[in-house]
Amino acid sequence: MSKKILGLVSLMIVTIGLIGCSIIGNIKGDDKDISVDEEMETVEASKNMEEKIVDNDDLAITVTQKYESGSRIYKEIGYIVQIINRKSDTDLEITISDMSVNGKKNKPLWTTTVASGSKLKDEIVWWVGDKSDKYNPNVKTLKDLKNVKGTIVVSDCKTSSNIGKYKINIK
């Protein structure tokens, strides 16, 4: 009796496995099928620069580099920034808003925290890849990143009170 049950369970497992493989084999991809080699092709590029975008008694933010990194499926394009918090008693939260590249609205990613009296390097990132046109319609390569305008918003980490808003223009 136990051999019959074991045989029946084995037959069911094999049948389910074959059905599953045939279903998976029939799933169609997008119209743009991509070979594994093309998916994994990586891009690494950078350009050094030195452009102060905020510089006052409380805060200094300098763009030090433009960079591009990733593959055809997922790529990051952006700026590496050096941030100096000159306030000795306040941790700062820094974000960006109302960003545009060559006059088109974009939504790069950047929020960072800088401890009081310290400095750090961070990245402002434009995500480029599948379905990124909704957020960054005109940024596809490092060369596209020009005439970048927006607002940097600085607030107190503990109280969330607004410390300042700074209009920026990165050429």
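**Exercise 1.** Which side chain meets that of Asp55 in a salt bridge? Place both residues in the fold and classify their exposure.

*Solution.*
Step 1. The model is predicted. Its salt-bridge search returns three hits over the whole structure.
Step 2. For Asp55, the partner is Arg86, with N to O at 3.0 Å.
Step 3. Locate the ends. Asp55 is in strand β1, and Arg86 is in the loop between β3 and β4. The pair is 31 residues apart and links distant parts of the chain.
Step 4. Classify. Asp55 has a relative accessible area of 45%, so the residue is partly exposed. Arg86, at 40% relative accessibility, also counts as partly exposed.

**Exercise 2.** Find the salt-bridge partner of Lys87 and compare the setting with that of the Glu68 bridge.

*Solution.*
Step 1. The side chain of Lys87 meets that of Asp58 at 3.8 Å, N to O.
Step 2. Lys87 lies in the loop between β3 and β4, while Asp58 lies in the loop between β1 and β2. They are 29 residues apart.
Step 3. Lys87 is partly exposed at 21% relative accessibility. Asp58 is partly exposed at 28%.
Step 4. Now turn to Glu68. Its salt bridge is with Lys75, and the closest N and O atoms are 3.0 Å apart.
Step 5. Apply the burial cut-off, which is under 20% relative accessible area. Glu68 has 8%, so Glu68 is buried. Lys75 has 11%, so Lys75 is buried.
Step 6. As background, side chains of opposite charge can pair when their charged atoms come close.

**Exercise 3.** Describe the surroundings of Val63. Is Val63 buried or exposed?

*Solution.*
Step 1. Val63 sits in strand β2, residues 59-71.
Step 2. Its relative accessibility is 0%, so Val63 is buried.
Step 3. List contacts, leaving out residues up to four places away in sequence. Val63 touches Met49, Glu50, Glu51, Ile53, Tyr79, Ile80, Val81 and Ile170.
Step 4. Check one pair. Val63 and Ile80 are 17 residues apart in sequence, yet their C-alpha atoms are 5.9 Å apart.
Step 5. Follow Tyr79 outward. With the same sequence exclusion, its contacts include Met49, Val63, Asp122, Trp126, Leu145 and Ile170.

**Exercise 4.** How many residues are in the largest nonpolar core, and which strand gives the most to this core?

*Solution.*
Step 1. The core has 29 residues.
Step 2. Those with the most contacts inside the core are Leu59, Ile61, Tyr79, Ile94, Trp110, Trp126 and Ile152.
Step 3. Strands β1, β2, β3, β4, β7, β8 and β9 each supply at least two residues.
Step 4. β4 gives the most, with five.
Step 5. In soluble globular proteins, nonpolar side chains tend to be buried together.

**Exercise 5.** Work out how β6 pairs with β4, and which face of β6 is covered.

*Solution.*
Step 1. β4 and β6 run antiparallel and are joined by four bridges.
Step 2. Ile94 stands opposite Thr112 in β6.
Step 3. β6 spans residues 111-114. Thr112 and Val114 form its covered face, whereas Thr111 and Thr113 form the uncovered one.

**Exercise 6.** Summarise the whole protein in terms of its elements, burial, contacts and surface.

*Solution.*
Step 1. There are two helices and nine strands. Along the sequence, both helices precede the strands.
Step 2. Of 171 residues, 36% count as buried.
Step 3. Take contacts with a separation of 6 or more. Residues 24 or more positions apart account for 59% of them.
Step 4. The accessible surface is about 11100 Å², and 54% of this belongs to carbon and sulfur atoms.

How values were computed
Residues are numbered from 1 along each chain as its sequence is written. This is a predicted model: local features need pLDDT of at least 70, side-chain atom pairs count only at pLDDT 80 or more; totals for chains, interfaces and linings use all residues. Side-chain values use heavy atoms; hydrogens and water are left out. Buried means under 20% relative accessible area, exposed over 50%, partly exposed in between (1.4 Å probe, protein chains only). Contact means heavy atoms within 4.5 Å. A nonpolar core is a set of buried Ala, Val, Leu, Ile, Met, Phe, Trp, Tyr and Cys residues joined through side-chain atoms within 4.5 Å. A salt bridge is a side-chain nitrogen of Lys or Arg within 4 Å of a carboxyl oxygen of Asp or Glu. Two strands pair if DSSP finds at least two bridges between them. Accessible areas come from the Shrake-Rupley method with a 1.4 Å probe; for residues, only the protein chains shown count as cover.
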